[in-house]
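Got the viewer open? Let's take a walk through this one, stop by stop.

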Amino acid sequence: MNITHRHDWHISPTQAVALQREMAAEVVYNRPIDLSAVRLVAGVDVSVKPDAAGVAMSQAAVVVLSFPDLTVVETALAAMPTPFPYIPGLLSFREGPVLETAFSRLKSEPDVFIFDGMGRAHPRRIGIATHMGLWLQKPTIGCGKTLLTGRFEPPPDERGGYSELVDKGEVIGVVLRTRAGVKPVFISVGHLADLTTSVDLVMRCTSKYRLPDPIRAAHNAAGQFET
DNA sequence: GCGACAG
DNA sequence: ATCTTGTCGC
């Protein structure tokens, strides 16, 4: 599918933070996702593994599933030497480059993308789901496994139980229990989405495990191919 | 200065 | 993210 190249990835951490502050102003929040019109949902993930020469390689996978039946219809892969260190708050500058390549290899055009990481639930309100949403110009959702920023009360221990994730007096996401008896996941809007429909979509994409099927499929695909 | 810190 | 088997509990 087409993806807009918004800026150079090879910049310093300081420049990256400045860029995030500029881009955060362009994000569109509070836009409901029309679930009745969703046909394809993509899961996005990146794994890092040393190659034969010992170089840290970033391996990206975008797996597209049909909705609401959740059957895999396409997988796009990409790999390259990991270009940026892991710095909390700047994850998109580490995983964005490989993802751009993987997205460009997509034949289908997903209606919504779910990322392994945050969207608005970020210190500057521009986690990887939000950032890449600006490149994709499609609805995106962040689904993280652990907290980055914000405070919350433990959600009810039942499937669908949730509580608000609040930071500086602002609701930046939802702490969602996708299954009873498991740790909750952190859902936040990326770009062109709203929190209510994002949580609804994530629940409808979660069939049997803690994480939504698209994310699990992407995680498996990203971590199991060789370069 | 101290603690927190997606993947 | 990644290193890794068995094991506790529903």
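Before you click on anything, one cut-off to keep in mind: buried means under 20% relative accessible area, exposed means over 50%, and partly exposed is what falls in between. Also remember that you are looking at a predicted model.

**Stop 1: DNA strand B.** Select DNA strand B and show the residues around it, 19 of them. Tyr86, Met118, Lys145, Thr146 and Leu147 come nearest. Colour that surface by class and you get eight nonpolar, six polar and five charged residues. Helix α2 (residues 91-104) gives the most to it, with three residues. On the DNA side, 50% of the strand's atoms within 4 Å of the protein belong to sugar or phosphate, and the rest to bases.

Now zoom in on the backbone. At Leu91, a backbone N or O atom lies 3.1 Å from a base nitrogen of DNA strand B. Ile128 also has a backbone N or O atom 3.1 Å from a base nitrogen of the strand. At Lys145 the partner is a phosphate oxygen, 2.7 Å from a backbone N or O atom.

**Stop 2: His7.** Go to the segment before α1 (13-23), where you'll find His7. Its relative accessible area is 10%, so His7 is buried. Show side chains and look for the 2.9 Å polar contact between His7 and His131. Beyond its sequence neighbours within four places, His7 is in contact with Leu19, Met23, Phe93, His131 and Trp135.

**Stop 3: Arg6 and Glu26.** Select this pair for a salt bridge, with the closest N and O atoms 2.7 Å apart. Arg6 sits in the segment before α1 and Glu26 in the loop between α1 and β1 (40-50), so the bridge ties together parts 20 residues apart in sequence. Arg6 is partly exposed at 30%, and Glu26 is partly exposed at 39%.

**Stop 4: around Arg125.** Pick Asp167 and Arg125, whose side chains meet in a salt bridge (3.1 Å, N to O). Asp167 is in strand β6 (residues 162-167) and Arg125 in the loop between β4 (112-115) and α3 (128-136), 42 residues apart. Both are buried.

Add Glu170 to the selection: its side chain meets that of Arg125 in another salt bridge (3.3 Å, N to O). Glu170 belongs to strand β7 (residues 170-176), so this pair ties the loop holding Arg125 to a part 45 residues away in sequence. Is Glu170 buried or partly exposed? Its relative accessible area is 25%, so Glu170 counts as partly exposed. Finally, add Arg120: salt bridges with shared partners join Arg120, Arg125, Asp167 and Glu170 into one network.

Note on methods:
Residues are numbered from 1 along each chain as its sequence is written. Chains are lettered from A and ligands numbered from 1 in the order in which they are written. This is a predicted model: local features need pLDDT of at least 70, side-chain atom pairs count only at pLDDT 80 or more; totals for chains, interfaces and linings use all residues. Side-chain values use heavy atoms; hydrogens and water are left out. A residue is near a molecule or strand if one of its heavy atoms lies within 4 Å of it. A polar contact is a pair of N or O atoms within 3.5 Å; within protein, one must be able to donate a hydrogen and the other to accept it, and residues adjacent in sequence count only if both atoms are side-chain atoms. Helices (H or I, at least four residues) and strands (E, at least two) are DSSP runs, numbered from the N terminus. Ala, Val, Leu, Ile, Met, Phe, Trp, Tyr, Cys and Pro count as nonpolar, Asp, Glu, Lys and Arg as charged, and the others, Gly among them, as polar. Buried means under 20% relative accessible area, exposed over 50%, partly exposed in between (1.4 Å probe, protein chains only). Contact means heavy atoms within 4.5 Å. A salt bridge is a side-chain nitrogen of Lys or Arg within 4 Å of a carboxyl oxygen of Asp or Glu.
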